[in-house]
Amino acid sequence: EGGPAADADIHVGDVLLSISGATIASCQDAVDVLGSHKPGDTVVFDLMRQGADGSQAVVPVKVTLSTRSEVLARRVGQHVTVSELVDIDDHAWSIDERGGRPLVIGAFSARCGDCSALVDRVGAELERRGLAADVLAVTADPIGEPLTREHVAWLHHMTPLAIAEPQTFSSFATTDEDRAFFTVIDCAGVVRLVVPIAPGADDEAASIDEILDGAEQADHRRRRR
């Protein structure tokens with residue numbers, strides 16, 4: 001969501017045949033061709049697309065390349081499109097209309113074993129600072145395989161944990177399995193900050209401070225209303 005593929009109206013189920021004339025026979029081929037370009041370049045994807053009547057046609061689509069950080073930055077200032085998430089304890093969380101406290105969402109792949117502890121740390125730091133913000137962990141498998149409570153029970157520590165559908169998960173994260181993506185949402189449901197953090201990275205502490213500052217600013221907006 002909000003990335004170059006969505007902007008170019010590429011559909012789930014499209015089959016990528018070539019990029020600017022270079023044949024694509026594998027995911028690695030796509031990575032290699034895209035890696036030879038830079039952000040801002042425009043390339044042409046030739047896609048095999050199936051119509052509603054079952055017919056197939058090759059569709060050329062122009063795509064302007066971007067970076068993951070640019071995609072995440074574009075979400076700031078936007079109203080979240082997810083209305084509600086339900087955690088594994090069956091508690092419903094209002095996302096788009098908070099009404100009260102800001103919300104910090106820590107989204108990560110279930111394959112990132114250290115990410116849940118990182119979300120817990122953010123929650124603990126928010127509490128230590130006395131900031132009026134809630135914290136919700138959100139996970140999913142980027143491959144799209146259904147997850148159950150049993151699959152993710154070991155990820156559920158101090159912070160409430162919700163299992164999201166792939167499309168919902170993509171509203172808060174990318175497919176990078178080595179990072180947790182933190183989104184600060186104010187009480188009006190507007191994204192105020194997006195910060196990806198790799199557990200154990202040199203900038204982990206500084207990134208957590210950035211999240212705390214963002215949550216504090218979101219709370220100030222609530223109190224001025």
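Select arginine 68, which lies in helix H3; helices (H or I, at least four residues) and strands (E, at least two) are DSSP runs, numbered from the N terminus. The model is a predicted one, in which local features need pLDDT of at least 70, side-chain atom pairs count only at pLDDT 80 or more, and totals for chains, interfaces and linings use all residues. Residues are numbered from 1 along each chain as its sequence is written, and side-chain values use heavy atoms, with hydrogens and water left out.

Arginine 68 is partly exposed, at a relative accessible area of 47%; buried means under 20% relative accessible area, exposed over 50%, and partly exposed in between (1.4 Å probe, protein chains only). Leaving aside neighbours within four places in sequence, arginine 68 is in contact with Thr174, Thr175 and Asp176, where contact means heavy atoms within 4.5 Å. Now add glutamine 50 to the selection: arginine 68 and glutamine 50 are 18 residues apart in sequence, and their C-alpha atoms are 28 Å apart in space.

**The largest pocket**

Keep arginine 68 selected and display the largest pocket, which holds about 1600 Å³ of space. Of the 37 lining residues, Gly3, Pro4, Ala5, Arg68 and Thr175 are the closest to the pocket centre. Two or more lining residues come from each of helix H1 (4-7), strand E1 (15-19), helix H2 (27-35), helix H3 (68-73) and helix H6 (166-169). H2 gives the largest share, 5 residues. By type, the lining has 22 nonpolar, 10 polar and 5 charged residues. Here Ala, Val, Leu, Ile, Met, Phe, Trp, Tyr, Cys and Pro count as nonpolar, Asp, Glu, Lys and Arg as charged, and the others, Gly among them, as polar.

Pockets and cavities are found on a 1 Å grid over the protein atoms alone: a cavity is a set of points where a 1.4 Å probe fits but cannot get out, a pocket is an open set with protein on both sides within 12 Å along at least five of seven lines, and lining residues have an atom within 4 Å of a point. Grid points are joined across faces, edges and corners, and a volume is the space filled by probe spheres set on the points.

**The four-stranded sheet**

Next select the open sheet of 4 strands, whose order is E2-E1-E3-E4 with antiparallel pairing; two strands pair if DSSP finds at least two bridges between them. Strand E2 (22-23) and strand E4 (56-64) stand at the edges with a single partner strand each, so one side of each has no neighbour in the sheet.

E1 and E2 pair over 2 bridges, and isoleucine 19 has alanine 22 in E2 as its bridge partner. In the loop between these strands, pick serine 20, where phi is near 50°, a positive value in a residue other than glycine. Most residues other than glycine have a negative phi.

E1 and E3 are joined by 4 bridges, with valine 15 opposite methionine 48 in E3. Colour E3 (residues 42-50) by side-chain direction: Val43, Phe45, Leu47 and Arg49 point to one face and are buried, whereas Thr42, Val44, Asp46, Met48 and Gln50 point to the other and are not. Between E3 and E4 there are 9 bridges, and valine 44 is partnered by lysine 62 in E4. These two strands form a hairpin with 5 residues between them, and glycine 54 in the turn has a positive phi of about 90°.

**The nonpolar core and the cavity**

Move to the largest nonpolar core, of 28 residues, in which Val104, Phe108, Leu126, Phe182 and Ile211 have the most contacts. A nonpolar core is a set of buried Ala, Val, Leu, Ile, Met, Phe, Trp, Tyr and Cys residues joined through side-chain atoms within 4.5 Å. At least two core residues come from each of strand E7 (103-109), helix H4 (115-129), strand E8 (134-140), E10, strand E11 (191-197) and helix H7 (204-224).

Within E10 (residues 180-185), select threonine 183, which is buried at a relative accessible area of 3%. Its contacts beyond four places in sequence are Leu103, Val104, Ile105, Phe172, Val191, Leu193 and Val194.

Finish at the largest cavity, which holds about 30 Å³ of space. Its lining is Ser116, Val119, Asp120, Ala137, Leu155, His156, His157, Met158, Thr159 and Leu161, with the largest share, 3 residues, from H4.
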